[in-house]
Amino acid sequence: MYETQVLVIGAGPTGLALATSLVARGIATTVVDRAPEGANTSRAAVVNARTLEVLEPLDVTRRLVKEGVEAPLFTIRDRGRTLIPIDFSGLPTKYPYSLMVPQSTTERLLLDRLVELGGSVIRPKTVTAITQDGDGVTAMFDDGDTIRARYAVGADGIRSVVREQAGIGFEGAVYDESFMLADVRLTGDAPDGEVLLFWAKAGLTVVAPLPDGVHRIVAPVAEAPEQPSAEFVQQILDTRVGAGRMVVTDVVWGSRFRVHHRVADTFRAGRLLLAGDAAHVHSPAGGQGMNLGIQDAVALADALVAVLGGAPDSVLDDYVAVRRPIAKDVVAMTDRLTRLATLPRAARRVRNAAISVLGWVPSVRLALARRLSGLVYR
């Protein structure tokens with residue numbers, strides 16, 4: 001007898017969305033995570049329209065909207081000059097905006113809903129090996145436990161044990177520049193209800209509102225400090241946004257990271273499946289990462305519910321056939337945005353001039369809005 005029908009390894013947003021979707025439809029699901037607790041920092045900070053749509057049937061969207069900041073505008077600027085204004089408010093969706101909300105809040109609300117439905121997360125629990133046969137999978141853990149399931153899903157991030165155990169390749173590379181991420185309190189010309197992307201000669205900078213008067217700053221730099229200070233963030237804003245336009249009064253949280261761009265060779269090896277960062281990672285440009293993972297999760301839940309209900313096993317191949325091309329498309333799009341944003345200084349003036357011309361073409365703005373909102377992948 002199986003201990004569970006589906007074993008979900010990883011309790012980030014992808015794993016929690018998958019488990020919640022499965023448990024809501026009566027599928028026995030076990031979730032394990034190696035971390036002793038969930039995310040308590042902001043990390044990913046945007047939930048797009050398509051993600052809000054797919055989470056609505058799980059009764060999570062209304063909770064997210066209640067705690068987030070609605071940003072219907074996304075503007076690409078060169079200091080004070082607007083290059084491309086993107087307005088989500090006219091899109092055909094109930095959620096015509098980017099919802100700015102910390103990842104810690106997204107995870108908390110997903111976990112709350114999972115628990116309401118009768119699910120839970122077992123932590124800390126680290127998978128060490130997974131084997132599969134014709135009837136199911138057996139996962140072994142660092143505490144000596146084993147769990148038997150019909151299927152196992154790796155939602156365990158870029159260093160996925162499930163992907164490694166399945167023998168699935170993960171081709172790609174790492175960008176040369178590191179990225180600074182800081183949640184700060186600002187005075188001055190800080191955006192409210194708008195995400196700003198500055199493409200200055202000195203480099204890219206994103207400034208976006210978060211709840212409680214906090215703003216998210218993201219910027220590629222040659223060598224980002226491990227813990228960015230207020231002085232460091234201020235220097236970034238002065239050189240890339242404009243001296244004195246925004247003043248940092250406090251750094252709430254900060255970090256640095258390097259960005260990979262990779263897509264798994266397949267999202268399935270028999271009864272082992274991948275979703276989220278275990279299947280694809282890419283630049284944060286456009287705020288697509290967590291959204292893509294949650295959308296994977298809901299699509300995979302649909303496929304697993306169908307197969308466990310008697311549909312042919314090939315339905316799981318359909319999940320791969322649909323979601324992997326989307327992942328490749330998003331990786332390609334964010335790669336283009338990142339390379340445009342990190343062009344050598346000598347090329348940035350030409351880039352800004354070209355973008356400024358394109359930015360006032362309505363069809364270009366609509367296409368960007370549909371991509372950034374995720375609605376193009378309905």
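Here is a chat about how to read some features of this predicted model.

Colleague: What should I know before I start clicking around?

Modeller: The model is predicted, so local features need pLDDT of at least 70 and side-chain atom pairs count only at pLDDT 80 or more, while totals for chains, interfaces and linings use all residues. Residues are numbered from 1 along each chain as its sequence is written, and side-chain values use heavy atoms, with hydrogens and water left out.

Colleague: How many helices and strands does the protein chain have?

Modeller: Helices (H or I, at least four residues) and strands (E, at least two) are DSSP runs, numbered from the N terminus. The protein chain has 10 helices and 19 strands. Its radius of gyration is 21 Å, close to the 21 Å from the globule rule for 378 residues, so the chain is as compact as a globular protein of that length. That radius is taken over C-alpha atoms, and the rule is 2.2 Å times the number of residues to the power 0.38. Along the principal axes, the C-alpha atoms fill a box of roughly 65 × 40 × 40 Å.

Colleague: And what share of the residues in the protein chain is buried?

Modeller: Buried means under 20% relative accessible area, exposed over 50%, and partly exposed in between (1.4 Å probe, protein chains only). Here buried residues make up 54% of the 378. As for contacts (heavy atoms within 4.5 Å), take those with a separation of 6 or more: 74% of them are between residues 24 or more positions apart.

Colleague: Which residues have the most contacts inside the largest nonpolar core?

Modeller: The general idea first: in soluble globular proteins, nonpolar side chains tend to be buried together. A nonpolar core is a set of buried Ala, Val, Leu, Ile, Met, Phe, Trp, Tyr and Cys residues joined through side-chain atoms within 4.5 Å. The largest one has 98 residues, and those with the most contacts inside it are Leu 7, Leu 18, Leu 55, Met 100, Leu 300 and Leu 304. Helix α7 gives the most to this core, with 11 residues. Apart from it lies another core, of 17 residues, including Leu 186 and Val 233. If you want one residue to zoom in on, Leu 55 touches Ala 17, Val 60, Thr 61, Leu 64, Leu 110 and Ile 294, not counting residues up to four places away in sequence.

Colleague: What about empty space, and what lines the largest cavity?

Modeller: Rolling a probe the size of a water molecule over the atoms shows where empty space is left. On a 1 Å grid over the protein atoms alone, a cavity is a set of points where a 1.4 Å probe fits but cannot get out, and lining residues have an atom within 4 Å of a point. Points are joined across faces, edges and corners, and the volume is the space filled by probe spheres set on them. The count is 1 cavity of 30 Å³ or more, and the largest has a volume of about 30 Å³. Its lining is Asn 48, Gln 288, Asn 291, Leu 292, Gln 295, Val 330, Gly 374 and Tyr 377. Helix α7 (residues 289-308) supplies the largest share, 3 residues. By class, the lining has 3 nonpolar, 5 polar and no charged residues; Ala, Val, Leu, Ile, Met, Phe, Trp, Tyr, Cys and Pro count as nonpolar, Asp, Glu, Lys and Arg as charged, and the others, Gly among them, as polar.

Colleague: Where should I look for unusual backbone geometry?

Modeller: Most residues other than glycine have a negative phi, and most peptide bonds are trans. In this model a cis peptide bond joins Arg 123 and Pro 124, with omega about -10°. Pro 124 is in the loop between β8 (121-122) and β9 (127-132). Arg 79, not a glycine, has a positive phi of about 55°; Arg 79 is in the loop between β5 and β6 (81-87) and is partly exposed at 36% relative accessibility. Asp 212 also has a positive phi, of about 65°, and is exposed at 69%.

Colleague: Is Phe 88 buried or exposed?

Modeller: Phe 88 is buried, with a relative accessible area of 2%, and lies in the loop between β6 and β7 (98-100). Its C-alpha atom is separated by 8.5 Å from that of Leu 366, 278 residues apart along the chain.

Terms used:
1 Å grid on protein atoms, 1.4 Å probe; cavity = no way out; pocket = protein on both sides within 12 Å on 5 of 7 lines; lining within 4 Å.
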